[in-house]
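Welcome, and please open your viewer. We will go step by step, with something to select at each stop.

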Amino acid sequence: MRTAIAQYYPAESALHSRDPRAKFVAVAAVAVALFTRDSFVALAVYGAAALVALAVSRVPLAWYWRGLKPVLWLIALTFVAQLFFVPGRALVALGPLKVSGRGLELASYLSLRLIVLVLVGSLVTLTTSPISLTDAIAWLGRPLRRVRVPTEEIALMMTIALRFIPTLLVETETIMRAQRARGAAFDRGGPLRRARALIPLLVPLFVLSFRRADELALAMEARCYRPGIVRTRMHPLHAGMGDWLLLAIAAAVIVLASLL
Amino acid sequence: MKGASERAGAASGVAIACQGVSFAYLEGDRGVKALNEVTFSLSAGATVALLGPTGSGKSTLLQAMRGLLEPNEGEVRLDGLSRGEPGFAERQREVGIVFQTPEMQLFAMSAFEDVSFGPRQLGWPTDDVRAAAEEAMEQVGLPVAVFGARHPYSLSGGEQRRLALAGVLAMRPRVLLLDEPFVSLDPVARRELAAVLRALVAGGIGLIVATHDVDHAWALCEERLVLDGGRLVASGPWRFGDGGEADLVQHRLAVPFPVRLWERLGRPLTGAPRSAEQAAEALVAPAARKGSG
């Protein structure tokens, strides 16, 4: 449960030390490009590039697999849907269901593309701490401030939310154990009974969260936090040669894929 | 069907024994050891202080004793019974546990509702639930007639703490495990809670109090277990004057104030008073007698 949310894998690699903005832009560009050209060759180029990046990231493959697992059913669904419902000359027939050559082709293509997409996305989340990722998003969203989108505040909210997820999980577990000792059963009965059984968990959790939010807001004000101000950063983002190189490589991969 | 009064008479403690209990919390991919081969046995009805500095494993041990955390190694025996043996589940239910800041777990719309949650979950008949909740609220000094309809969050901090205790007492435990029961209470609330606990002990209930406040522990308990870094470093009755102080001082704990006072006064530590009030009485009473005589 914990790993699904905190997906960052701390390590030292050429990818970990890149500027989060560069990683975000490179991956976003590849993700978009992935959907602009329907060819197996292009997909192979992106897949190969992703595999090289995987090796460079020094993150155990099991962690990528963990990211892939939740979307496997979606991939399977896509595969089956395409396999049976794309019209064309039938290769194999299973009763009323026909598999056409075009269907098989599309099914494998779309599934593979989803897999590559998830891997590419995991490359960013696994090698970038959530805090520096929100920093990057805040920086990249800066133009939106002109149309009065509070990007700094949104980034801060994301940071605070991420910061408190582990705390909330620990508290949830503690409250569950305490209520269980008072005879609460969270995993028995039908859906209605289960929903009712959550009340002794949810009420304390909400009270606790609101109280903490209140205290945090006061503490931040006491330390002179005011919304609507662009603050300087404790760890300013620095784009160096390596980051430009990363962007250049991403661009090269995209160009290569669209030419082949 | 057992009558409510019959259950009330059963408050005579449960003998709890830990045999080589180890427990590790999972943090990411690795385990962080919180308990390391903890072994001890307590007799039924014992009053025990579970002492140790912050992070020594006190809360983990309490929750393992109640079966809320499953030890990685070793076992917890209740009245000599192992988990799975007939009668064990019943014993486990008779071990009441009050978590740290238990008022955080109040959730019902009225004090009475909250206290009756436990017995209702046990499936007791409505009359028994009512009787148990009323009695529990009486025991903690929050009579139903006055507090029953109040919203839990409208009570004061000390009252909320005692209400949460009533929620556990309503299940008629024979032994109470308390995790830092006095933390963040004002002096009056602490005194009131201590009085409630002393009355429960007088009624025959077993008490295990996890705390790093040795003054409270000394006032309430006859024995102490000292944990440090997940290891049990001392057990048995309190020992002072024979080097037993080291069991506390070496593990970031203090010697109780009345004991230190008696030591400074050069009095025999075996008869050291249990509280500052008792100490004052012992010191003032003879002087007063001398003065009048």
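Which residue stands opposite V209(B) in β7(B)? Select V209(B) and look across to the partner strand: L178(B) is the residue that stands opposite. Keep in mind as you look around that this is a predicted model.

**Stop 1: the strand itself.** Now select residues 206–211 of chain B, which form strand β7. This strand is mostly covered, with six of its six residues buried. Try colouring its two sides separately: G206(B), I208(B) and A210(B) lie on one side, while L207(B), V209(B) and T211(B) lie on the other. Both faces of β7(B) are covered.

**Stop 2: the neighbouring strands.** Add residues 175–179 of chain B, strand β6, which pairs with β7(B) in the parallel sense over five bridges. Next, show residues 47–51 of chain B, strand β3. Five bridges join β3 to β7(B), and these strands also run parallel. Here you can find L51(B) opposite T211(B) in β7(B).

**Stop 3: the helix between.** Select residues 187–202 of chain B to bring up helix α8. Together, β6(B), this helix and β7(B) make a right-handed β-α-β unit.

**Stop 4: the domains.** Zoom out and colour chain B by its domain assignment: domain 1 covers 13–94 + 207–254, and domain 2 covers 256–293. The centres of these two domains of chain B, taken over C-alpha atoms, are 31 Å apart. Where they meet, six residues of domain 1 are in contact with seven residues of domain 2. On the domain 1 side, the touching residues divide into four nonpolar, one polar and one charged.

Definitions and conventions:
Residues are numbered from 1 along each chain as its sequence is written. Chains are lettered from A and ligands numbered from 1 in the order in which they are written. This is a predicted model: local features need pLDDT of at least 70, side-chain atom pairs count only at pLDDT 80 or more; totals for chains, interfaces and linings use all residues. Domain bounds come from an automatic or database domain assignment. Two residues are in contact if their C-beta atoms, placed from the backbone, lie within 7 Å. Ala, Val, Leu, Ile, Met, Phe, Trp, Tyr, Cys and Pro count as nonpolar, Asp, Glu, Lys and Arg as charged, and the others, Gly among them, as polar. A residue is buried if 20 or more other C-beta atoms lie within 10 Å of its own, exposed if 12 or fewer, and partly exposed in between; C-beta atoms are placed from the backbone. Helices (H or I, at least four residues) and strands (E, at least two) are DSSP runs, numbered from the N terminus. Two strands pair if DSSP finds at least two bridges between them. A crossover is right-handed if, with the strands pointing away from the viewer, the path from the first strand over the helix to the second runs clockwise.
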